[in-house]
Amino acid sequence: MRSLKQPFFKTFFILTALALCLGSAYLFAGLAEGSWNYNIARRINILAAIAVTAVSVGLSSVVFQTITSNHILTPSIMGLDNLYVFIQTVVIYFLGTGEMEMMTRQNDFLLTLAIMTAASTSIFIFMFKTNCANVYFAVLAGLVFGIAFGGLSSFMQVIIDPSEFSILEGRMFASFNKINLPLMGISSLIVALSSVWIALDFKNLDVMTLGRAHSVALGVNYEKIVLKTFVAVSLLTSASTVLVGPVTFLGILIVSIARFIFPTYRHDILVPGTILVGICALISGMLVTERYLQFTVPLSVIINFAGGICFIYLVLKLKRI
Amino acid sequence: MISTENISKKYRSELVLKGVSTILPTGKIIAFIGSNGAGKSTLLNIISRLIPPSEGSVVIDGKKTSLWNTGDLAKTLTILGQSPQSETRITVKDLVSFGRFPHSNGETTPDDERAVAEALNITGIETLKDRYIDELSGGQRQMAYIAMSVAQDTKYILLDEPLNNLDMGRSVKIMKLMQKLVKEKSKTIFVVVHDINFVSFYADYVLALKDGILKYQGETESIMRPEILSDIYDIDITVENYRGKKICIYYK
Ligand SMILES: Nc1ncnc2c1ncn2[C@@H]1O[C@H](COP(=O)(O)OP(=O)(O)OP(=O)(O)O)[C@@H](O)[C@H]1O
Ligand SMILES: [Mg+2]
């Protein structure tokens, strides 16, 4: 199982170089004298957020596809980031603090995170137990969940106190141009810890690509790792959603590209590959919105457009089989 | 030694396995026979902890399956399910290498390399080792999965209809391979086979299931009798002697 690493070395090298070039192009190009300090700080923050998002979305999408045995669904297509927004709205609605203090923000975030992890893990397990064989059912359920939570969030936002709404707005409508800076530290930490936690199981996850029966026969503690992965996916999705807001089709876009470039089942190749693709895709998108579209189109729209096309292609391909 | 204590399996309200208690012999090829839906796969899956029984328990080498560490059990027992499949794009060699996972946890050692090479060799699929499994014929893929189970090198090997998709030549080869594993490596092999003549020629011991009940059990000779087989399969079966073995004729 070791022999595959060599052929991908070159690909990794090229992707890393590309990411670095794009990163420096984004960081340094078109900086005006006067606004150097302001701009460079802003751009560094954006690059950091991009890196955190790419790790979070890339990792969670790959492992989610492994344990659900499909190449079409990702946590955000299943409506997970909408669920996060919904829970956040509820938390602020009921515990509405009206303050903008750092500690409160973090406490709200951690509370939301806990509820989110419990809720989404239960939903996953329920779906996993009842009907996982049917991808169409899962897509449909995900879309319904997504729309339902989106609708509920909007409803609560309408009835919420205006001053609280302004807090919520700041967080909920986080985007790459309006990064949730106060929570950057804690969300990066959560992403880092969850990544290490999951990376310990990459070998087991490799086996799990063969499906449940083979995994059990080969001695993988299947149920335990599925549960662990669902928890980690919830944490990762929460962390990236609070940082830059929901980007529904980012995951499917970068996983599909990575699977094409790295045709392997090995997570120690596929996950870093997906993350690198994610970094390249996000920085390119950022360059396009900032330099060519003068911020008229947000990055998430560009990514969702490309990712949506990719998703539709995958669904159509599925039908042909 | 593997024994089952009164195991039953219920799907919704239907009992598909009814109180199966038996002690299985070791160092033999043990065939499970019975018509479609008799409960053979269910029984094998319960023995190999793939599905839990509704009642009863399985004891493997003196320890209940529920008390075994699943990783350790994978070094003792393996199962290849009926029509195994996966959508993963993976080469034959990598698939067979997965058989070493319980022993090496993914870090391939020279021992593992040797076991994989041997498994590829004795199943005769060395030439296919760099092909992707989704680009193989059904029979070739079946051989690749069997090679994976062989590479796992466990004391007990459970194979659910391994002759699925295989031509006569390959089927004979697989049965001979099983005999060899039993004789040279003292493995115990449990196998579901539908072709009763393969059972007659290659199995040492037979368990016959009907409607979820373990109805007959014994040395192959003692099971290859017209009245037993007719009862199991619900058709008239004539048994003839041919070169010291029994041949069943059921074509009408
Ligand atoms: N997951 C399931 N849900 C409901 N019923 C099931 C399930 N799996 C098996 N059954 C039922 O249990 C009975 C026994 O099935 P089993 O697969 O053990 O039969 P089998 O002897 O292996 O048959 P075959 O020779 O066709 O493989 C059948 O009636 C089947 O319909
Ligand atoms: Mg069966």
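Domain bounds here come from an automatic or database domain assignment. On that basis, chain B splits into domain 1 (1-76 + 155-169 + 184-252) and domain 2 (85-153). Keep in mind that this is a predicted model. Chain A, for its part, has 13 helices and 0 strands. Below is a quick tour of the domains, the core, the empty spaces and two unusual backbone spots.

**Chain B: two domains and how they meet**
- The centres of domain 1 of chain B and domain 2 of chain B, taken over C-alpha atoms, sit 25 Å apart.
- Where the two touch, domain 1 of chain B puts in 12 residues and domain 2 of chain B puts in 11 residues.

**The largest nonpolar core**
- This core counts 176 residues, and the ones with the most contacts inside it are Ile2(B), Phe32(B), Ile33(B), Val199(B) and Leu229(B).
- Domain 1 and domain 2 of chain B both give residues to the core, so it lies between them.
- For a look at one of these residues, try Leu229(B): setting aside neighbours within four places in sequence, its contacts include Ile33(B), Ile196(B), Ile223(B) and Met224(B).
- Also in contact with Leu229(B) are Asp234(B), Ile237(B), Val239(B) and Cys248(B).

**Chain A at a glance**
- Follow the sequence of chain A and you read α-α-α-α-α-α-α-α-α-α-α-α-α.
- Chain A runs to 321 residues, and 55% of them count as buried.
- Take the contacts in chain A between residues at least 6 apart in sequence: 79% of them join residues at least 24 apart.

**Closed spaces: the cavities**
- Rolling a probe the size of a water molecule over the atoms shows where empty space is left.
- The structure holds 6 cavities of 30 Å³ or more.
- The largest cavity has about 140 Å³ of space.
- It is lined by 18 residues, with Val57(A), Ser76(A), Asp81(A), Ser240(A) and Val247(A) the closest to its centre.
- In chain A, α2 (36-67), α10 (222-244) and α11 (250-261) each supply at least two residues of the largest cavity's lining.
- The largest share of that lining, 5 residues, comes from α2(A).
- By type, the lining of the largest cavity has 6 nonpolar, 11 polar and 1 charged residues.

**An open space: the second largest pocket**
- The second largest pocket has a volume of about 340 Å³.
- Its lining takes 20 residues, and the closest to its centre are Arg49(B), Leu50(B), Pro52(B), Thr65(B) and Ser66(B).
- Both chains pitch in: α9 (212-217) and α10 of chain A, along with β4 (55-60) of chain B, each supply at least two lining residues of the second largest pocket.
- β4(B) gives the largest share of this pocket's lining, at 3 residues.
- The lining of the second largest pocket breaks down into 10 nonpolar, 6 polar and 4 charged residues.

**Two backbone oddities**
- Most residues other than glycine have a negative phi.
- Ser69(A) is not a glycine, yet it has a positive phi of about 50°.
- You'll find Ser69(A) in the loop between α2 and α3 (80-95) of chain A.
- Ser69(A) has 44% relative accessibility, so it counts as partly exposed.
- Over in chain B, Arg12(B) also has a positive phi of about 50° without being a glycine.
- Arg12(B) lies in the loop between β1 (2-11) and β2 (14-24) of chain B.
- With 83% relative accessibility, Arg12(B) counts as exposed, because the cut-off for exposed is over 50%.

Note on methods:
Residues numbered from 1 in each chain as written. Chains lettered and ligands numbered in written order. Predicted model: local features only at pLDDT ≥ 70, side-chain atom pairs only at ≥ 80, totals over all residues. Heavy atoms only, no water. 1 Å grid on protein atoms, 1.4 Å probe; cavity = no way out; pocket = protein on both sides within 12 Å on 5 of 7 lines; lining within 4 Å. Points joined across faces, edges and corners; volume = space filled by probe spheres on them. Helix = DSSP H or I, 4+ residues; strand = E, 2+ residues; numbered from the N terminus. Nonpolar A, V, L, I, M, F, W, Y, C, P; charged D, E, K, R; others polar. Core = buried A, V, L, I, M, F, W, Y, C linked by side-chain atoms within 4.5 Å. Buried < 20%, exposed > 50% of the residue type's maximum accessible area, 1.4 Å probe, protein only. Contact = heavy atoms within 4.5 Å.
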